[in-house]
Amino acid sequence: MYIDQEMKRGIITENPILILALGLCPSLAVSTSAHNGLGMGIAVTIVLAITNVIISIVQGWIPSKVRIPCYIVIIATFVTILEMFMKVYTPALNSQLGIFIPLIAVNCIIMARAEAYASKNNPVHSFIDGIVMGLGFTFALVLLSILREFLGSNKIFDLMVIPGFEPMTAFILAPGGFFVIAFVMALVNVMKAKKKEVKAK
């Protein structure tokens with residue numbers, strides 16, 4: 001039951017992108033293809049889970065005045081390790097994501113979870129929080145990527161979807177990204193409002 005509630009929280013009720021509107025900059029930049037979206041989502045999930053645990057363990061020893069710089073050092077350390085692994089084992093993906101891999105170190109989602117959750121909870125709960133919030137980020141990012149890749153190039157994971165469909169390349173560009181993110185967030189808000197109306201009745 002606890003895991004189910006946490007999964008619902010991370011993916012639906014407190015989705016980092018669609019509900020909390022965190023991490024929109026990397027979401028806009030890397031969601032041009034489903035491969036990039038999935039790769040970025042997995043990378044953020046790994047960093048979230050590990051850094052949440054470490055911060056939860058050491059938070060009692062960190063003076064409150066320097067907690068944010070300490071969190072950044074911890075997060076940046078694991079982001080650097082992750083980037084090194086990606087350069088060795090997934091060089092093509094690392095090249096595609098470019099600067100947005102090292103920028104995970106200052107990602108709003110990771111900093112928010114470190115400050116709001118990991119610093120106040122035990123390592124096990126912090127690990128679960130990192131996983132579910134990472135999965136929520138990954139879900140939203142892949143969804144946005146699939147929509148943009150389909151509309152902008154008629155492909156999903158580099159596979160053609162509808163033969164003869166004329167893609168709209170604007171969706172691969174930044175304006176199209178803003179439109180897709182706004183549309184999906186609006187749709188989520190409409191669904192939430194309707195659910196509240198049903199409960200009220």
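A crossing is left-handed if the near helix is turned anticlockwise from the far one by less than a right angle, and right-handed if clockwise. The model is predicted: local features need pLDDT of at least 70, side-chain atom pairs count only at pLDDT 80 or more, and totals for chains, interfaces and linings use all residues. Residues are numbered from 1 along each chain as its sequence is written, and side-chain values use heavy atoms, with hydrogens and water left out.

**View 1. Helix 3 and helix 7 cross at roughly 165 degrees.** Helices are DSSP runs (H or I, at least four residues), numbered from the N terminus. The axes of helix 3 and helix 7 come within 8 Å; axes are lines fitted to C-alpha atoms, for helices over the stretch in contact, and angles run from 0 to 180 degrees between N-to-C directions. The two helices, 3 and 7, are therefore roughly antiparallel (angles under 35 degrees count as roughly parallel, over 145 as roughly antiparallel, 65 to 115 as roughly perpendicular and the rest as oblique). The crossing of helix 3 with helix 7 is right-handed. Their contact comprises 18 nonpolar, 10 polar and two charged residues. Ala, Val, Leu, Ile, Met, Phe, Trp, Tyr, Cys and Pro count as nonpolar, Asp, Glu, Lys and Arg as charged, and the others, Gly among them, as polar.

**View 2. Ser126 lies in helix 7, which spans residues 123-153.** Ser126 is buried, at a relative accessible area of 0% (buried means under 20% relative accessible area, exposed over 50%, partly exposed in between, with a 1.4 Å probe and protein chains only). Leaving aside residues up to four places away in sequence, Ser126 touches Asn52, Val53, Ser56, Tyr117, Ala118 and Asn121; contact means heavy atoms within 4.5 Å.

**View 3. Helix 3 packs on helix 4 at an angle of about 140 degrees.** Helix 3 covers residues 34-58 and helix 4 residues 67-89, and their axes are 10 Å apart. The angle makes helix 3 oblique to helix 4. This crossing of helix 3 and helix 4 is right-handed. Helix 3 contributes Ala43, Ile46, Val47, Ile50, Thr51, Ile54, Ile55 and Val58, and helix 4 contributes Tyr71, Ile74, Ile75, Phe78, Val79 and Leu82. By class, the residues of this contact are 13 nonpolar, one polar and no charged.

**View 4. Helix 3 meets helix 6, residues 108-116, with axes that come within 10 Å.** The axes of helix 3 and helix 6 cross at roughly 25 degrees, so helix 3 and helix 6 are roughly parallel. Helix 3 passes helix 6 with right-handed geometry. On helix 3 the contact uses Val44, Val47, Leu48, Thr51, Asn52 and Ile55, and on helix 6 Ile109, Ile110, Arg113 and Ala114. Seven of these residues are nonpolar, two polar and one charged.

**View 5. The structure holds zero disulfides.** A disulfide is a pair of cysteine sulfur atoms within 2.5 Å. Cys25 is in no disulfide, and its nearest cysteine sulfur, that of Cys108, is 8.9 Å away. Cys25 is exposed, with 55% relative accessible area. For Cys70, the closest cysteine sulfur, in Cys108, is 19 Å away, too far for a bond. Cys70 is partly exposed at 26% relative accessibility.

**View 6. Val88 is placed in helix 4.** Val88 counts as exposed, at 57% relative accessibility. Its C-alpha atom is separated by 26 Å from that of Phe139, and the two residues are 51 residues apart along the chain.
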